[in-house]
Structure formats: structure tokens, C-alpha cells
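Work through the exercises below with the structure open. Try each task before reading its solution.

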Amino acid sequence: VATATARATDAWPRVPLSLQMRTLRGAHLVILGFGHIGTWVGRLAKPFGVRVTGVRRTAGQTPDYFRADDRVVAAGELDRVLIVNGWHAMKHRKSYMREMAAALKPAGRLVIIDWHPEELSQGPPAEIRLSRNEVVAELEKGGWKLVTESVGLPYQYYLSFLPPGAR
């Protein structure tokens with residue numbers, strides 16, 4: 001009863017949350033791993049006006065819900081993979097590194113923009129963030145090569161990597 005009363009008196013932060021949201025219409029969703037589950041996620045996104053690109057090991061069949069601007073690409077066809085403010089939250093980064101290396105062209109780039117580790121007025125709690133050095137060490141251990149970085153962002157670091165085996 002106390003929990004139900006507390007919930008009834010707590011206002012849902014609709015206005016602050018709505019200011020952080022944007023419409024899905026016109027967004028481009030790239031799904032790495034476009035097997036059964038990835039195809040299903042793409043099907044769920046289509047009614048919201050999302051353009052879908054599925055990445056799988058082989059090009060395979062195009063789903064029946066795809067339009068002319070949607071596509072399925074095989075491994076090795078992407079020029080860039082961009083991850084903004086999400087690397088720290090990925091639970092299976094080693095698996096993602098392998099998938100991204102397979103999806104990228106040989107000279108493709110993985111670009112990571114993520115939060116500086118110190119407590120800031122924006123972003124997730126400091127205890128779940130990863131430092132620039134932690135991210136670089138993790139990727140270099142996986143065979144990735146840091147080729148570009150920028151310090152111009154006030155809250156985040158910018159890192160660009162070549163995949164393992166790239167020249």
C-alpha cells in the first residue's frame with residue numbers, strides 16, 4: 001500500500017523526458033546482426049517511418065517489409081560505424097568488436113564518442129563511464145588501431161579506430 005501511495009503521488013517526468021526525445025520518422029536504423037531477431041526489430045521499426053539497413057555476414061534475402069531506400073548489406077561493406085554515448089553501456093563489447101570488424105570495409109573506421117569519466121552536469125553517473133585510456137586499451141587488445149582523436153568536445157572524447165588487420 002505504501003508503494004502504491006508513493007507511486008500515485010510521484011509525478012511522471014513527462015515534460016523533461018519529452019524534451020530529450022525525438023521522432024523516429026526519418027531516422028536511419030542500422031542493425032548489426034540481421035538474422036531472425038534483427039529482422040524482427042526492423043519490422044517493428046518500419047511503422048514509425050524508420051529507414052532500415054541490416055548488416056549480416058552474407059547479403060541474404062531482403063525482407064518483404066523493405067522499401068526502396070532500405071537495404072541488407074553483407075559483411076565488409078560499411079565505411080564507418082559510429083557509436084555516440086553508448087560504448088560504456090555495452091555489456092558484450094568483445095563480441096561487438098568482432099561484429100563491427102566484420103561489417104567494416106578493410107579501411108573502414110569505428111568512431112566512438114563517449115563521456116569523460118569525471119562527474120559532469122550531463123550524461124550518465126561517473127561510476128559507469130569509461131575513460132579514454134580504458135576504451136583505447138580495450139580496443140587495442142582486440143587488435144584495433146587508434147588513428148584519430150579529438151579533445152575539442154566539452155563533455156566527451158572522440159576516438160577513431162581502424163579494424164584489426166587494416167593497413
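Four exercises with worked solutions follow.

This is a predicted model: local features need pLDDT of at least 70, side-chain atom pairs count only at pLDDT 80 or more, and totals for chains, interfaces and linings use all residues. Residues are numbered from 1 along each chain as its sequence is written, and side-chain values use heavy atoms, with hydrogens and water left out.

**Exercise 1. The sheet**

Find the order of the four strands in the open sheet, and work out which strands stand at the edges.

Solution. Start with the terms. Helices (H or I, at least four residues) and strands (E, at least two) are DSSP runs, numbered from the N terminus. Two strands pair if DSSP finds at least two bridges between them.

- Step 1: the order is 4-5-7-6, with mixed pairing.
- Step 2: strand 4 (78–84) and strand 6 (145–150) each have a single partner strand, so they stand at the edges and one side of each is left without a neighbour in the sheet.
- Step 3: neighbouring strands are turned by 20 degrees against each other on average, direction ignored. Axes are lines fitted to C-alpha atoms, for helices over the stretch in contact, and angles run from 0 to 180 degrees between N-to-C directions.

**Exercise 2. The partners of strand 7**

Describe how strand 7 pairs with strand 6 and with strand 5.

Solution.

- Step 1: strand 6 and strand 7 (residues 156–162) are antiparallel over five bridges. They form a hairpin with five residues between them.
- Step 2: in this pair, Leu146 stands opposite Phe161 and Thr148 stands opposite Ser160.
- Step 3: strand 5 also pairs with strand 7 in the antiparallel sense, over six bridges. Here Ile112 stands opposite Leu159.
- Step 4: check burial. Buried means under 20% relative accessible area, exposed over 50%, partly exposed in between (1.4 Å probe, protein chains only). Six of the seven residues of strand 7 are buried.

**Exercise 3. Helix 5**

Which residues of helix 5 are buried, and what do they pack against?

Solution.

- Step 1: helix 5 (residues 132–141) packs on the sheet, touching strand 5, strand 6 and strand 7. Contact means heavy atoms within 4.5 Å.
- Step 2: its buried residues are Val135, Val136 and Leu139. They fall within an arc of 95 degrees seen down the helix axis, so they line one face of the helix. The arc is that of the directions from the helix axis to the C-beta atoms.
- Step 3: these buried residues pack against helix 4, strand 5, strand 6 and strand 7.
- Step 4: on the other side of helix 5, Asn133 and Lys141 are exposed.

**Exercise 4. The cores**

Locate the largest nonpolar core and trace the contacts of Leu139.

Solution.

- Step 1: a nonpolar core is a set of buried Ala, Val, Leu, Ile, Met, Phe, Trp, Tyr and Cys residues joined through side-chain atoms within 4.5 Å.
- Step 2: the largest has 22 residues; Trp87, Leu110, Val135, Leu139, Trp144 and Phe161 touch the most other members.
- Step 3: leaving aside neighbours within four places in sequence, Leu139 contacts Trp87, Met97, Leu110, Ile112, Trp144 and Phe161.
- Step 4: a second, separate core of eight residues includes Phe34, Val50, Val52 and Tyr65.
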